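This report covers how the strands pair and how the helices pack in one model. Please keep the sequence and the 3D view at hand while reading.

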Amino acid sequence: MTNNDAMRSVSIVRTSAGKFRATNARGGILDFGSGGDDQFTPVELLLASIAGCSAIDVDIFTSRRSEPDTFEVTASGEKLRDEQHNHMGPITVRFEVTFPEGEAGDAARKVLPDSVQQSHDRLCTVSRTVQLGAPVTMHIAEGH
């Protein structure tokens, strides 16, 4: 079931040796590389996408009740090379979120665990795709 409103894409161009630029349909730009400097690598972008997607979900639910004092999400996992070739092992997403004292902060603290669980179980498109697995096909454009 595909509809054009749901279609997402990014375009990648090489800017120099080991350096690339991603551009989305809205004109946003993200530079990344192969890891020889401080730019994000594709694996780090995957981790950031998983953490970021869930952070957005959790923020929507909790900040309706109270603005957080702190909000930090860390995604980590080990890059493996084994009989399945290069891939990530289990990925852990850790939330460190605090809210102010008082009724609003208490309400936000109360929904935090359920918000994290809902993001994991059904809301975060990125982690859901990784968990469920999605076919990835690659091809070379005709004439190239």
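The text below takes the sheet, then a second hairpin, then the helices, with single residues along the way.

## Basis

This is a predicted model.

## The three-stranded sheet

Strands S1, S2 and S3 form an open sheet. Their order is S1-S2-S3, and the pairing is antiparallel. S1 and S3 are the edge strands, each pairing on one side only. From one strand to the next, the twist averages 25°.

Take S1 and S2 to begin with. S1 spans residues 10-16 and S2 spans residues 19-24. Six bridges hold this antiparallel pair. Val 10 has Asn 24 in S2 as its bridge partner. The two strands make a hairpin with two residues between them. Gly 18 lies in that turn and has a positive phi of about 75°.

S2 also pairs with S3, which covers residues 29-33. The sense is again antiparallel, now over five bridges. Thr 23 has Ile 29 of S3 as its bridge partner. Ala 22 stands opposite Leu 30 in S3. This hairpin has four residues between the strands. Within the hairpin of S2 and S3, Gly 27 takes a positive phi near 95°.

## Gly 33 at the sheet

Is Gly 33 buried or exposed? Its relative accessibility is 3%, so Gly 33 counts as buried; the cut-off is under 20%. Gly 33 belongs to strand S3. Setting aside residues up to four places away in sequence, Gly 33 touches Gly 18, Lys 19, Gln 39, Phe 40, Thr 41 and Pro 42. Gly 18 is the turn glycine of the S1 and S2 hairpin. Ser 16 is 17 residues from Gly 33 in sequence, and the C-alpha to C-alpha distance between the two is 9.4 Å.

## The S4 and S5 hairpin

S4 covers 70-82, and S5 covers residues 85-98. The two strands run antiparallel and are joined by 12 bridges. A hairpin of two residues connects S4 to S5. Leu 80 has His 87 in S5 as its bridge partner.

His 85 sits in strand S5. Its phi is near 70°, a positive value in a residue other than glycine. His 85 has a relative accessible area of 60%, so it counts as exposed; the cut-off is over 50%.

The antiparallel pairs compare as follows.

| Pair | Bridges | Residues between strands | One bridge pair |
|---|---|---|---|
| S1 and S2 | six bridges | two residues | Val 10 and Asn 24 |
| S2 and S3 | five bridges | four residues | Thr 23 and Ile 29 |
| S4 and S5 | 12 bridges | two residues | Leu 80 and His 87 |

## Ser 66 in a loop

Ser 66 is in the loop between H1 and S4. At 7% relative accessibility, Ser 66 is under the 20% cut-off and therefore counts as buried. Leaving out neighbours within four places in sequence, Ser 66 contacts Phe 99, Pro 100, Ala 104, Gly 105 and Ala 108. Ala 108 is also one of the H2 residues that contact H1.

## Helix packing

Two packed helices are described by the angle between their axes and the distance between the axes.

H1 spans residues 42-63. Its axis and that of H2 come within 9 Å and cross at roughly 145°. The crossing is right-handed. H1 contributes Ser 54, Asp 57, Val 58, Phe 61 and Thr 62 to the contact. H2 contributes Ala 108, Val 111, Leu 112, Ser 115, Val 116, Gln 118, Ser 119 and Leu 123. By class, the contact of H1 with H2 has seven nonpolar residues, five polar and one charged.

H2 runs over residues 103-123 and H3 over residues 125-132. Their axes are 7 Å apart, at an angle of about 55°. How are H2 and H3 oriented to each other? At that angle, H2 and H3 are therefore oblique. On the H2 side, the contact is made by Ser 119, His 120, Asp 121, Arg 122 and Leu 123. On the H3 side, Thr 125, Ser 127, Arg 128 and Gln 131 take part. The contact of H2 with H3 divides into one nonpolar, five polar and three charged residues.

Two H2 residues, Ser 119 and Leu 123, appear in the contact with H1 and also in the contact with H3.

Notes:
Residues numbered from 1 in each chain as written. Predicted model: local features only at pLDDT ≥ 70, side-chain atom pairs only at ≥ 80, totals over all residues. Heavy atoms only, no water. Axes fitted to C-alpha atoms, helices over the stretch in contact; angles between N-to-C directions. Parallel < 35°, antiparallel > 145°, perpendicular 65-115°, else oblique. Contact = heavy atoms within 4.5 Å. Nonpolar A, V, L, I, M, F, W, Y, C, P; charged D, E, K, R; others polar. Left-handed = near helix turned anticlockwise from the far one by under 90°. Pairing = 2+ DSSP bridges. Buried < 20%, exposed > 50% of the residue type's maximum accessible area, 1.4 Å probe, protein only.
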